[in-house]
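Here are a few short exercises to work through at the bench or over coffee. Keep the structure open beside you, try each task, and then compare your steps with the solution.

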Amino acid sequence: MHAKTLLRIGSLLTAMAASLSVASAAEAANSGLPPQAPVANQAVKQMQDDFLKLKFGMFIHFNLETFKDVQWVAGYHSPADFNPGGKVDTDAWADAAVAAGMKYAVLTAKHVSGFCLWDSKYTTYDVMNPQCPYQQDLVAQFIKSFKSRGLKVGLYYAWRHPGFKSEFKVLPPECDPATHSLREQIEFQKKQIAELVEKYPDVFYIWNDALDPEITTAEDATAFFRSLGREVLASSNWWDWKKKGTPYADIAVKEMRQFPEDNKAPGETCWELEQGWFWKEGTRPKTAKQIVDLLSTVNRRNSNFLLNVGPNKQGRFEEDSVKVLAEVGRQRNSKGTGNPPK
């Protein structure tokens with residue numbers, strides 16, 4: 001048989017297998033069976049496998065919300081409000097992550113306030129705004145600190161979901177939801193995410209909050225992430241609490257809940273170390289034992305554990321939280337489940 005004929009047959013069989021995989025996934029979704037991982041090309045499948053080997057990461061919620069003492073900022077506030085009083089010590093963030101045995105970290109590049117922690121060409125509502133005292137690219141700073149310590153880096157991006165009340169802008173003033181259609185909002189957000197991926201080549205992961213089929217289909221979202229010029233992983237935290245953990249992008253996300261024991265979808269479970277995603281004065285961290293126990297359960301369920309630590313208004317982790325993270329590292333090392341702190 002000629003080589004060309006064999007090649008055609010191989011291509012036909014590959015296409016048939018892909019069709020069967022899609023049909024099987026749809027059948028499982030309609031039957032109430034545990035959700036399966038979405039069909040992925042081989043490169044993405046390898047990235048998903050590599051992602052699950054990381055096991056433990058740090059979520060960092062730090063943005064305008066920190067300075068307004070809220071979890072969600074309503075309306076637009078002055079960039080002058082983002083004022084930690086000096087350069088944020090992102091090296092200290094990375095050191096705390098290493099001490100806990102974490103392998104990656106995700107920073108809130110843009111949260112519900114719409115304020116951007118990088119110098120975006122699509123808005124002036126960012127850290128380089130003339131009114132903002134900080135005047136430094138905090139995303140670049142974060143990446144440099146964590147990369148220098150051998151940790152991988154991801155960026156959180158909040159999408160404006162139709163479920164938001166009108167007072168929550170989520171997007172910068174250049175795309176104010178009060179005057180821009182959903183289609184225009186989607187295009188603006190795609191441009192900013194593409195900008196982040198291009199501007200920061202060390203970013204391996206985009207954490208998408210509130211991105212789900214009410215904004216765009218899973219197929220369109222996947223096509224967008226695959227079009228970014230290089231392979232990056234994308235997760236999606238559904239708006240609907242009942243559907244969190246359902247596969248949509250590359251990594252399924254659970255928020256303050258565990259995946260089922262028989263979960264097969266590559267997953268990530270995010271949890272708060274303290275009492276809230278953003279820093280709040282007087283909150284206390286969980287104990288090291290609580291964190292280690294949560295981590296153990298999360299990892300058994302085909303999921304990574306993304307533990308949030310909220311820097312205060314000076315951009316520092318609270319000392320009690322730093323101590324807990326160090327103790328987490330010690331307990332994991334004593335059990336042989338983590339690498340020794342450097």
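**Exercise 1. Decide whether Lys 169 is buried or exposed, and find what the side chain of Asp 176 meets.**

Step 1. Lys 169 has a relative accessibility of 14%, so Lys 169 counts as buried (buried means under 20% relative accessible area, exposed over 50%, and partly exposed in between, with a 1.4 Å probe and protein chains only).

Step 2. The side chain of Asp 176 meets that of Lys 169 in a salt bridge, at 3.0 Å from N to O. A salt bridge here is a side-chain nitrogen of Lys or Arg within 4 Å of a carboxyl oxygen of Asp or Glu.

Step 3. Asp 176 counts as buried because its relative accessibility is 15%.

Before you go on, note that this is a predicted model, in which local features need pLDDT of at least 70 and side-chain atom pairs count only at pLDDT 80 or more, while totals for chains, interfaces and linings use all residues. Residues are numbered from 1 along each chain as its sequence is written, and side-chain values use heavy atoms, with hydrogens and water left out.

**Exercise 2. Work out which parts the salt bridge between Glu 255 and Lys 244 ties together.**

Step 1. The closest N and O atoms of Glu 255 and Lys 244 are 3.3 Å apart.

Step 2. Glu 255 belongs to strand 6 (residues 251-255), whereas Lys 244 sits in the loop between strand 5 (233-237) and strand 6, so the pair ties together parts that are 11 residues apart in sequence. Helices (H or I, at least four residues) and strands (E, at least two) are DSSP runs, numbered from the N terminus.

Step 3. Glu 255 and Lys 244 are both buried.

**Exercise 3. Place the salt bridge of Glu 327 and Arg 330, then say how many salt bridges the structure holds.**

Step 1. Between Glu 327 and Arg 330, the closest N and O atoms are 3.0 Å apart.

Step 2. Glu 327 and Arg 330 are separated by about one helical turn because they are 3 residues apart in helix 9 (residues 319-334).

Step 3. Glu 327 is partly exposed at 28% relative accessibility, and Arg 330 is partly exposed at 49%.

Step 4. Asp 91, Asp 95 and Arg 149 are joined into one network by salt bridges that share partners. The structure holds 18 salt bridges.

**Exercise 4. Describe how helix 4 and helix 5 pack.**

Step 1. Helix 4 (residues 90-100) packs with helix 5 (residues 138-148) at an angle of about 40°, and their axes are 8 Å apart. Axes are lines fitted to C-alpha atoms, for helices over the stretch in contact, and angles run from 0 to 180 degrees between N-to-C directions.

Step 2. Helix 4 is therefore oblique to helix 5 (angles under 35 degrees count as roughly parallel, over 145 as roughly antiparallel, 65 to 115 as roughly perpendicular and the rest as oblique).

Step 3. From helix 4, Thr 90, Asp 91, Trp 93, Ala 94 and Ala 97 meet Leu 138, Gln 141, Phe 142, Ser 145 and Phe 146 of helix 5; contact means heavy atoms within 4.5 Å.

**Exercise 5. Find where Thr 66 is and what Thr 66 touches.**

Step 1. Thr 66 is in helix 3 (residues 64-68).

Step 2. Thr 66 is buried, with a relative accessible area of 0%.

Step 3. Not counting residues up to four places away in sequence, Thr 66 touches His 61, Phe 278, Trp 279, Pro 311, Asn 312 and Lys 313.
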